[in-house]
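Let's take a walk through a protein model together. Have the structure open beside you, and turn it around as you read.

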Amino acid sequence: MDKKRREFLKIAGVSTLAGLGGIAVAERFVSGASPASSRAETGVEPGLGSSQVTNPKDTTPTKRLGMVIDLSRFKNDPSLVGKVISACHTNHNVPNFPDEEDAVKWVSGIDYEIAFGEQSPDYTEVLVLCNHCDNPPCVEDCPTRATFIDNNGIVAIDYHRCIGCRFCVAACPYGMRSFNWRDPREGLDMNTLNREFPTRRRGVVENCNFCAERLGRGQMPACVEVTSEARAIVVGDLNDPNSEINIILGSTETKQRMPLLGTNPSVFYIV
Amino acid sequence: MNGNNKSIKTGLILFVLFLTLPQDANLCVLPAEQMRVEHMQLLNVWRDDVLRTGDRSLIEIDGKRYPKSLQNACMKCHTSKKEFCDQCHINTSVTLSCWDCHLSPIE
């Protein structure tokens with residue numbers, strides 16, 4: 001009896017040791033091998049799916065897209081403002097709510113005095129949109145990094161990340177951001193939507209995206225396209241000294257909105 | 001009798017044509033089993049590529065090129081949201097927010 005117990009304990013001890021060692025070896029093997037194999041299997045970089053977001057200051061944009069708006073062309077043809085607004089809003093499924101409190105606007109026409117803080121004998125209505133500032137206060141204030149500067153220098157919003165806190169709406173000194181108080185689909189005709197582009201949902205902030213999706217397809221922004229005959233709007237890379245926009249800026253006197261705030265807008269006006 | 005024969009013949013010809021027609025896009029971006037498990041990660045990667053890093057490069061499958069897009073790529077082949085998305089998601093009680101903004105094909 002005694003002998004049997006001794007043998008049993010021996011076997012139990014050895015097998016416990018073997019088991020523990022085996023687990024340790026197996027764990028090491030698994031942890032060493034799995035990331036590489038899963039990456040090879042899926043072809044998807046690990047971690048990317050968890051939507052890592054880079055700090056807007058981490059990467060310096062190689063480009064900085066800007067816009068020059070020639071107000072005299074708009075004065076010659078006052079219908080251009082309406083054309084730009086409808087082209088932009090139909091392209092991006094921007095809802096139309098009659099109540100000004102619910103209104104969502106990517107571009108709009110406002111009084112010269114409100115736009116520039118001074119009076120002008122020559123102009124009444126000015127086309128305004130997101131200035132895609134080089135130093136944007138909205139990006140600084142966004143707590144979720146939903147709004148950021150992309151590679152083209154465009155101040156973009158990731159609607160997947162926007163929590164609707166509206167800090168950016170408060171931060172933008174130009175008032176160029178709109179909050180979706182209502183479900184935007186209530187203000188859209190579902191039959192005439194641009195089905196290549198999404199709508200937004202209630203509770204996110206939206207602004208002009210400089211037609212990033214059109215630029216990606218090699219097209220010009222909708223506002224440029226619709227005013228191309230009058231050549232009222234020119235877009236280009238402000239970081240490229242030889243671009244058309246820089247030649248215009250070098251040879252013509254232009255104006256930015258509220259330049260003293262230090263936001264350095266990328267939208268310029270020929271007054 | 002003659003008329004019957006004719007219709008059978010045309011039916012047969014149509015049937016043979018239908019069988020031999022080239023089925024466009026038999027391949028998806030990943031094999032079906034993998035897509036079932038990983039489509040949500042892939043969509044997130046696409047979203048970050050397009051929106052954050054500005055990498056709008058097209059994906060080439062079987063000689064055809066597709067943008068990285070749920071609305072403009074996935075749903076162009078899988079044209080029914082009811083059959084392609086809802087069937088599984090309802091079964092597994094997964095609630096999505098995709099269609100709050102993205103437009104599903106008209107059914």
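Start with the salt bridges that run between the two chains of this predicted model: between chain A and chain B there are 2 of them. In one, the side chain of Asp158(A) meets that of Arg52(B), with 3.5 Å from N to O. The side chains of Lys76(B) and Glu196(A) form a salt bridge too, again listed at 3.5 Å, N to O. Lys76(B) sits in helix α3 of chain B, while Glu196(A) is in the loop between β6 (178–179) and β7 (205–206) of chain A, so this pair joins two chains. How open to the surroundings are these partners? Lys76(B) counts as partly exposed because its relative accessibility is 48%, and Glu196(A), at 39%, is partly exposed as well. As background, side chains of opposite charge can pair when their charged atoms come close.

Now zoom out to the whole meeting place. Here, 32 residues of chain A are in contact with 24 residues of chain B. About 2300 Å² is buried between the two chains, 51% of it on carbon and sulfur atoms. On the chain A side, His160(A), Arg185(A) and Arg195(A) lose the most area to chain B, together 23% of what that side buries. You can also look for polar contacts: 13 residue pairs make them between chain A and chain B. Two helices of chain A, α1 (2–42) and α7 (212–216), each supply at least two residues of the side that touches chain B. Of the elements in chain A, α7(A) gives the most to that side, with 3 residues. The residues on that side split into 11 nonpolar, 10 polar and 11 charged.

Next, pick out helix α4 of chain B, residues 81–91. Its buried residues are Lys81(B), Cys85(B), Asp86(B) and His89(B). Why do they belong to one side of α4(B)? They cover an arc of only 85 degrees around the axis, which puts them on the same side. Over on the other side of α4(B), Glu83(B), Gln87(B), Cys88(B) and Asn91(B) are exposed. The buried residues of α4(B) pack against α2 (32–52), α3 (70–77) and α5 (98–101) of chain B. Two of those buried residues are also partners, since the side chains of Lys81(B) and Asp86(B) meet in a salt bridge of 3.3 Å, N to O. Just past the end of α4(B), Ser93(B) takes a positive phi of about 45 degrees.

Chain B has another pair worth finding. The side chains of Lys68(B) and Asp49(B) form a salt bridge at 3.0 Å, N to O. Lys68(B) is in the loop between β2 (64–66) and α3 of chain B and Asp49(B) is in helix α2 of chain B, 19 residues apart, which makes this a link between distant parts of the chain. Both Lys68(B) and Asp49(B) are buried.

Finally, head back to chain A, with its 9 helices and 10 strands. Of its 271 residues, 44% count as buried. In helix α9 of chain A (residues 244–251), Ile245(A), Asn246(A), Ile248(A) and Leu249(A) are the buried ones. Their arc around the axis is only 160 degrees, which puts them on the same side of α9(A). The face turned away from that buried side carries the exposed residues Ile247(A), Gly250(A) and Ser251(A). Covering the buried residues of α9(A) are, among others, β1 (65–70), β8 (233–237), β9 (254–255) and β10 (267–270) of chain A.

Conventions:
Residues are numbered from 1 along each chain as its sequence is written. Chains are lettered from A and ligands numbered from 1 in the order in which they are written. This is a predicted model: local features need pLDDT of at least 70, side-chain atom pairs count only at pLDDT 80 or more; totals for chains, interfaces and linings use all residues. Side-chain values use heavy atoms; hydrogens and water are left out. Contact means heavy atoms within 4.5 Å. Buried area is the accessible area (1.4 Å probe) that two parts lose on being put together, summed over both. A salt bridge is a side-chain nitrogen of Lys or Arg within 4 Å of a carboxyl oxygen of Asp or Glu. A polar contact is a pair of N or O atoms within 3.5 Å; within protein, one must be able to donate a hydrogen and the other to accept it, and residues adjacent in sequence count only if both atoms are side-chain atoms. Helices (H or I, at least four residues) and strands (E, at least two) are DSSP runs, numbered from the N terminus. Ala, Val, Leu, Ile, Met, Phe, Trp, Tyr, Cys and Pro count as nonpolar, Asp, Glu, Lys and Arg as charged, and the others, Gly among them, as polar. Buried means under 20% relative accessible area, exposed over 50%, partly exposed in between (1.4 Å probe, protein chains only). The arc is that of the directions from the helix axis to the C-beta atoms.
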